[in-house]
Amino acid sequence: MARLIPREQRGPEYDALSPFAMESDHYEDGDVLCSGLEELSRHLKWLDDDYQSGQFDRLEARARSIVMLADTLGLRQVGQVAADVVYCVDGPDEIALSATLSRLMRLVTQALDHAAGPMTVF
């Protein structure tokens with residue numbers, strides 16, 4: 001029996017999230033990037049909480065916020081999947097909602113992991 005671990009393909013937009021890709025003269029861009037990533041990480045936690053508690057109106061509002069955040073951060077694929085979550089919340093198909101929400105959470109997690117960079121072992 002093989003265990004499947006879903007992974008999304010990384011697009012070129014993830015390279016902009018790397019702290020090593022930023023030039024030293026653009027500190028303002030770094031502040032926007034860091035605050036956007038912090039907000040994205042908070043939304044990631046709240047997405048699961050809203051879904052588990054059945055707060056679909058809050059889930060829809062949170063997904064809309066992620067669309068705007070993704071646009072600011074240049075994460076086109078995250079924004080597209082977040083928009084799909086909004087579409088699924090409006091529809092009665094809970095299976096499609098859970099699958100799309102899982103994909104969004106994977107994408108956000110991968111973006112945050114990439115932005116954090118490699119962890120060093122102490």
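In the predicted model, Leu-104 touches Leu-47, Ile-66, Val-78, Val-81, Ala-82 and Val-85, when residues up to four places away in sequence are not counted. Leu-104 also belongs to the largest nonpolar core, a set of 28 residues in which Val-78 and Leu-104 touch the most other members. Each of the helices α1 (27–53), α2 (56–73), α3 (76–90) and α4 (94–116) supplies at least two residues of this core, and the largest share, eight residues, comes from α4. A general tendency may be recalled here: in soluble globular proteins, nonpolar side chains tend to be buried together.

The wider fold is described by the pattern α-α-α-α along the sequence, with four helices and zero strands in the protein. Of the 122 residues, 38% are buried, and the accessible surface of the protein comes to about 8100 Å², of which carbon and sulfur atoms hold 55%. Among the contacts with a separation of 6 or more, 64% are accounted for by residues 24 or more positions apart.

Helix α4 consists of 23 residues and reaches 33 Å from its first C-alpha to its last, a value close to the 33 Å expected at 1.5 Å a residue. At its N-terminal end, α4 is capped by Asp-93, a side-chain oxygen of which lies 3.3 Å from the backbone nitrogen of Ile-95. After α4 comes Gly-117, whose phi is positive, near 80°. The buried residues of α4 include Leu-97, Leu-101, Leu-104, Leu-107 and Val-108, and also Thr-100, Gln-110 and His-114.

Helix α3 has 15 residues, which should span 21 Å at 1.5 Å a residue, and its end C-alpha atoms are 22 Å apart, so the span agrees with the expectation. Its buried residues, among them Val-78, Val-81, Ala-82 and Val-85, pack against α2 and α4. Gln-77 also lies in helix α3, and Gln-77 counts as buried because its relative accessibility is 18%, which is under the cut-off of 20%. The C-alpha atoms of Gln-77 and Leu-107 are separated by 8.0 Å, although these residues are 30 residues apart along the chain.

Helix α2, with 18 residues, reaches 25 Å from its first C-alpha to its last, close to the 26 Å expected at 1.5 Å a residue. Leu-59, Glu-60, Arg-62, Ala-63, Ile-66, Leu-69, Ala-70 and Leu-73 are buried in this helix, and just after α2, Gly-74 takes a positive phi of about 80°. Ala-70, found in helix α2, has a relative accessible area of 1% and is therefore buried. When residues up to four places away in sequence are set aside, Ala-70 touches Leu-75, Val-78 and Gly-79; of these, Val-78 is also one of the two residues that touch the most other members of the largest nonpolar core. Ala-70 and Gly-36 are 34 residues apart in sequence, while the distance between them in space is 8.5 Å, C-alpha to C-alpha.

A polar side chain provides a further case of burial, in helix α1, where Asp-50 is found. Asp-50 counts as buried because its relative accessibility is 1%. The side chain of Asp-50 makes a polar contact with the side chain of Arg-58, at 3.0 Å. Leaving aside the neighbours within four places in sequence, Asp-50 is in contact with Gln-55, Arg-58, Leu-59 and Arg-62, and both Leu-59 and Arg-62 are listed among the buried residues of α2.

The cysteines may be considered last. The structure holds zero disulfides. Cys-34 has a relative accessible area of 44% and is therefore partly exposed, whereas Cys-88 has a relative accessible area of 12% and is therefore buried. Cys-88 is one of the buried residues of α3, the helix whose buried residues pack against α2 and α4.

Terms used
Residues are numbered from 1 along each chain as its sequence is written. This is a predicted model: local features need pLDDT of at least 70, side-chain atom pairs count only at pLDDT 80 or more; totals for chains, interfaces and linings use all residues. Side-chain values use heavy atoms; hydrogens and water are left out. Buried means under 20% relative accessible area, exposed over 50%, partly exposed in between (1.4 Å probe, protein chains only). Contact means heavy atoms within 4.5 Å. Accessible areas come from the Shrake-Rupley method with a 1.4 Å probe; for residues, only the protein chains shown count as cover. A disulfide is a pair of cysteine sulfur atoms within 2.5 Å. A nonpolar core is a set of buried Ala, Val, Leu, Ile, Met, Phe, Trp, Tyr and Cys residues joined through side-chain atoms within 4.5 Å. The expected span of a helix is 1.5 Å times one less than its number of residues. A polar contact is a pair of N or O atoms within 3.5 Å; within protein, one must be able to donate a hydrogen and the other to accept it, and residues adjacent in sequence count only if both atoms are side-chain atoms.
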